[in-house]
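Colleague: Please take a close look at one part for me, the second largest pocket. Where does it lie, and what lines it?

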Amino acid sequence: MKNPTYHRKGFGLKDVVDGDLKSAYESDLIAELKEGGNTLKRNGITIRLAEAFGFCWGVDRAVSMAYETRRHFPDRKIWITNEIIHNPLVNSHLRDMGIDFLQVKDDGTKSLDCVNENDVVILPAFGASVEEMHFLEQRNCEIVDTTCPWVSRVWNRVQKFAQGDFTAIIHGKYNHEETVATSSRADTYLIVQNLKEAEWIADYILNGGSKEVFLDRDKQAYSQGFDPDRDLVRIGIANQTTMLKGETEMIGKLFERTMMAKYGPSVINDHFLSPGDTICDATQERQDAMLHLIEEPLDLMLIIGGFNSSNTGHLHEIALTNGLPSYHIDGPSCIVSADEIRHKPPHDTDCSTTNSWLPKEPVVIGVSAGASTPNQVVAEVIEKVFSLRQEV
Ligand code: SF4
């Protein structure tokens, strides 16, 4: 019987790696902005920075643990099962430190065969699937588990659903690593990506429909052998921790109303379990800060974060829903010139280019960043924007 070693608290080297982390990811400009009430004006451009933005506690902890791992095992082969977080700068620094990323195959599974006995494997902040963890345990790897406690909290909830024979309805994106990891802990699950999908499913629960049409909709969204007529009688709600909080709440309430209407209030506890409070604090703070920021008179928003970062995408959606011109960029290189910006529209996989994005007159730009964006990247974007205009 193999006996894997798990490290879940780092190696007591936080003070040692702190200097490296600060020089790689912190910024004097952001400190200056914060001192000035999150406002800075130069060259006819006023930047208004959200009160909460960038690295969250869970990301900070995961990146710090990865740096500690390299120090603790200077000579060992180190893998990471995925991007530690969704930020290209951080991931490229880890590669430079000799930490290798497991490749994702075309079918979405990982190439795990390259991992050898006694290698060190880091699990990222959004966790790993049960199957991956089982494989690494069998290989007798040394596992550094940086899974954010907020994510583990959702896993506990999903496991409780399974014990009570409840199907987990997971509000998330089925190809997001966190949702893959969460769904692997459920016996039976159905992933809903948004309120519109949830409404379609609620209608099926109440009024029935064609099982074939249901199962043909999205084969990646449900567990093997899923039967909507059998598996939607007892449901519990869970979520990817970085979804839009308001949407998760609406989905929870929709299914509660649906099960109440179908089975009656006296037995609702036999048919419905609520999501509880599983949107993480950091996601909520950043979404609240965005809502607060867009109450101000802004001309446009720049939202900074990896293009595969779910929480960054949701910040972008908040700005767009409120009618503000908004661009999701992943760093300063997206700002090509005062006339041209490269950015990712919501729900598109490819980037677009927009011209004439920066007004010629004095302009107020709101800035926010997802939970995996270092301050240094935010600062570089702001410097680039300032540099587009001559001093006025
Ligand atoms: S966004 Fe939330 S769940 Fe994700 S790593 Fe940060 S604190 Fe944890």
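Modeller: Here is the pocket, followed by an aromatic pair.

This is a predicted model: local features need pLDDT of at least 70, side-chain atom pairs count only at pLDDT 80 or more, and totals for chains, interfaces and linings use all residues. Residues are numbered from 1 along each chain as its sequence is written, and side-chain values use heavy atoms, without hydrogens or water.

The second largest pocket holds about 460 Å³ of space. A pocket here is an open set of points on a 1 Å grid over the protein atoms alone, where a 1.4 Å probe fits, with protein on both sides within 12 Å along at least five of seven lines; lining residues have an atom within 4 Å of a point. The volume is the space filled by probe spheres set on the points.

Its lining has 26 residues, and K14, L21, F55, D60 and R61 are the closest to the centre. Helix α3 gives the largest share, seven residues. Eleven lining residues are nonpolar, five polar and ten charged. Domain 1 (5-15 + 58-147) and domain 2 (36-56 + 281-387) both contribute to the lining, so the pocket lies between them. Those bounds come from an automatic or database domain assignment.

F55 also belongs to an aromatic pair (ring centres within 6.5 Å; planes under 30 degrees apart are stacked, over 60 edge-to-face, the rest tilted). The structure holds nine such pairs. The rings of Y25 and F55 have centres 5.9 Å apart and planes at 45 degrees, so this pair is tilted. Y25 lies in helix α1 and F55 in the loop between β3 (45-49) and α3, so the pair ties together parts 30 residues apart in sequence. Y25 is buried (under 20% relative accessible area, 1.4 Å probe, protein chains only), at 3% relative accessibility. F55 counts as buried too, at 18%.

Methods: Helices (H or I, at least four residues) and strands (E, at least two) are DSSP runs, numbered from the N terminus. Ala, Val, Leu, Ile, Met, Phe, Trp, Tyr, Cys and Pro count as nonpolar, Asp, Glu, Lys and Arg as charged, and the others, Gly among them, as polar. Rings of Phe, Tyr and Trp (its six-membered ring) pair if their centres lie within 6.5 Å; planes under 30 degrees apart count as stacked, over 60 as edge-to-face and the rest as tilted. Buried means under 20% relative accessible area, exposed over 50%, partly exposed in between (1.4 Å probe, protein chains only).
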